[in-house]
Amino acid sequence: MNTMKFLRKKCIVFSKRRIKSNYCTFTNNHLNETGSTGSSAEAARWPRRVVSALQPTGALHVGNYFGAVRRCVRLQRRGEPLVLFVADLHAHTAPQDPAELQRRSLETAAYLLASGVDAERGVLFLQSAVPAHARLCWLLACLATQARLAHLPQYRERAAGGDAPLGLLLYPVLQAADVLVYRATHVPVGADQLQHLQLTAQLVRTFHHRFGRLFPTPAPLLPDDGSDRIRSLRDPSKKMSKSDSDPKSRILLSDGDDLIRLKIQKAVTDFTPEVIKNIELVDIHMPPSSADALVQVSFDPAARPGVSNLVTLHSLAADKLPEEALEEARGLSTAQYKRVVADALCGALRPVRERAQALLARPALLHELLRHGAARARALADPVYAEVAARAGLAPAAPR
C-alpha cells in the first residue's frame with residue numbers, strides 16, 4: 001500500500017471512530033453496536049420505534065436524499081417500525097405562501113414514496129394533521145428555558161441577522177414533541193442535529209422529575225457513510241442547502257440527467273497534482289492535456305473538501321466505500337472523474353425522479369395516502385398525549 005492510499009484509509013477510519021465516539025458518549029453506553037437498547041427491561045417497556053421527518057421548505061436535494069430519505073428506506077427494509085412525516089409546521093419558522101407550501105408538502109411525500117418508503121408498513125403523514133404535536137410542544141416549552149434554547153448554535157446562526165421569530169427559538173422543542181409523542185426510541189440524525197436530540201433528552205428528564213416517567217429517551221442513529229456531510233457544489237466549506245442562493249450549489253431530486261451533469265461539471269474542485277518523485281517523468285513542456293492526466297483524486301475532507309465531496313457523492317450514489325470510489329478514479333483527470341460521478345448520480349436518481357413524477361400526476365392518491373397515514377399517526381399519538389394531559393392536570397383532547 002503506497003503512502004497516499006494509507007493516509008486516505010487512516011483518515012476514513014479516524015472519521016468513523018469519531019462518529020462512533022460521539023454516538024456512545026451521547027447515549028451513555030446504553031446502546032450496543034446494533035443500536036438496540038442495552039436493557040431488556042427497558043426494551044420491553046418501550047417498544048423500538050424510529051421517528052423521522054423532512055421539511056417541505058424547498059425541493060429535496062441529494063443531501064436530503066442520501067442523508068435522510070434513503071436512510072429511512074433502508075431502516076424500514078431492515079424491519080424497523082418507522083414513523084415518517086412531512087414537517088409542515090416547522091416550515092412556518094420562515095414566511096410561507098400557503099399554496100406553495102401545500103404543493104411542496106405533496107411533492108415531498110411523493111419523493112419519499114418514490115424513494116421506497118412503504119406507507120403501509122410504516123406511517124407517513126403531514127405533521128399538521130396530528131394536533132398532539134403542537135399540544136405536547138406547548139407543555140415541553142413550559143419546561144424549557146430561554147437561555148438553553150438561545151444557546152443552540154442553529155438558533156444563534158439564524159438569529160444573528162436581526163429579529164428572529166419566536167417559532168425559531170421553539171423549533172427544537174417542537175422537534176422534541178415530534179418524537180416523544182410517538183415514544184420514539186431512535187431518531188436518525190446527522191452530527192449537526194445531536195444538540196437538538198440532547199435537548200430532547202434533557203426535556204425528558206425534566207418531565208419525568210415533575211410528572212413521572214412517561215417517555216423513553218430517544219437515541220440517535222448516526223450515519224457512518226458521510227451522508228450527513230454532503231457539501232455545496234459551489235462552496236464546499238458549507239453544507240448543501242435548499243436555501244443557498246446559487247442553484248448550481250445543489251443537485252435536486254427533480255433535476256434531469258443533463259442538468260445533473262452540468263452541475264457536476266461546474267462543481268468547485270481543488271484537484272492538485274500529486275507529488276511526482278521521479279523528476280525524469282516530468283516534462284516542463286508537457287501539453288495541458290497531458291498535465292491534466294497527472295491530476296490525482298484523493299479523499300481528505302479537511303484539506304481538499306471539494307474533491308472529497310465528489311468522492312462522497314460518487315460512493316453514495318454507486319453504493320461503494322470511498323476507497324472503492326478512489327480505486328475507480330485512479331488515473332482519471334478532473335473532467336473524466338466528474339463524468340463518472342455524474343453517471344453514478346444519474347443512475348441512482350433517475351428511477352426516483354420518474355416514480356415521483358408518476359405519483360405527482362395522481363394527487364388524489366397522494367392525498368388519500370396522507371389522510372390514511374394521519375389517522376394511523378393520531379391513533380399512536382393521541383393516547384400518549386392523553387396520558388401527558390392526565391399527569392399535567394389538563395383536559396384530555398376531544399375525540400375525533
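**Group meeting talk: a walk through a predicted model**

D319 lies in the loop between helix 12 and helix 13, and I would like to start there, with the reminder that what we have in front of us is a predicted model. The phi angle of D319 is near 60°, which is a positive value in a residue other than glycine. Is D319 buried or exposed? D319 has a relative accessible area of 52%, and a residue over 50% counts as exposed, so D319 is exposed.

Let me stay with the two helices on either side of that loop. Helix 12 covers residues 305-318, and T312 lies in it. In contrast to the exposed D319, T312 is buried, with a relative accessible area of 10%. If we leave aside residues up to four places away in sequence, T312 touches G226, I230 and F299.

On the other side of the loop comes helix 13, residues 322-329, where P322, A325, L326 and A329 are buried. Why do these four fall on the same side of helix 13? The reason is that they cover an arc of only 100° around the axis. Just after helix 13 there is a glycine, G331, and this residue takes a positive phi of about 85°.

Now let me step back to the whole chain before going into the strands. The protein chain has 15 helices and 7 strands, and of its 400 residues, 47% are buried. Among the contacts in the chain with a separation of 6 or more, 76% are between residues 24 or more positions apart. The accessible surface of the chain comes to about 19,700 Å², and 55% of that surface belongs to carbon and sulfur atoms.

With that background, please find strand 1, residues 50-54, where 4 of the 5 residues are buried, so that the strand is mostly covered. From strand 1 the chain crosses through helix 3, residues 62-77, to strand 2, and this β-α-β crossover is right-handed. Strand 1 and strand 2 run parallel and are joined by 5 bridges. To pick out two places in that pairing, V51 has V83 of strand 2 as its bridge partner, and A53 stands opposite F85 in strand 2.

Before the chain enters strand 2, it passes E80, which is found in the loop between helix 3 and strand 2. Which of the two words, buried or exposed, fits E80? With a relative accessible area of 11%, E80 is buried. Not counting residues up to four places away in sequence, E80 touches R48, V50 and L75, and V50 brings us back to strand 1, which covers residues 50-54.

Strand 2 itself is mostly covered, as 5 of its 5 residues are buried. If you follow the side chains along strand 2, you will see that L82, L84 and V86 point one way, whereas V83 and F85 point the other way, and all of them are buried.

Strand 2 also pairs with strand 3: strand 2, residues 82-86, and strand 3, residues 123-126, run parallel and are joined by 4 bridges. Here V83 has V123 as its bridge partner in strand 3, while F85 has F125. Together with helix 4, residues 98-114, these two strands make a right-handed β-α-β unit.

That last pair of residues leads me to the aromatic rings. How many aromatic pairs does the structure hold? There are 5 of them. One is formed by Y65 and F66, whose ring centres are 5.1 Å apart with the planes at 65°, and because planes over 60 degrees apart count as edge-to-face, that is the name for this pair. Y65 and F66 are both buried. F85 and F125, the bridge partners we have just met, belong with Y182 to one aromatic cluster.

Right after Y182 in the numbering comes my last stop, R183, whose place is in the loop between helix 8, residues 166-180, and strand 4, residues 186-188. Like D319, R183 has a positive phi in a residue other than glycine, and for R183 the value is near 50°. Yet where D319 is exposed, R183 is buried, with a relative accessible area of 18%. Please keep that pair in mind as you turn the model: D319 between helix 12 and helix 13, and R183 between helix 8 and strand 4.

Technical notes
Residues numbered from 1 in each chain as written. Predicted model: local features only at pLDDT ≥ 70, side-chain atom pairs only at ≥ 80, totals over all residues. Heavy atoms only, no water. Pairing = 2+ DSSP bridges. Right-handed = clockwise from strand over helix to strand, strands pointing away. Buried < 20%, exposed > 50% of the residue type's maximum accessible area, 1.4 Å probe, protein only. Arc of directions from axis to C-beta. Contact = heavy atoms within 4.5 Å. Areas by Shrake-Rupley, 256 points an atom, 1.4 Å probe, with all protein chains shown as cover. Phe/Tyr/Trp six-rings, centres within 6.5 Å; stacked < 30°, edge-to-face > 60°.
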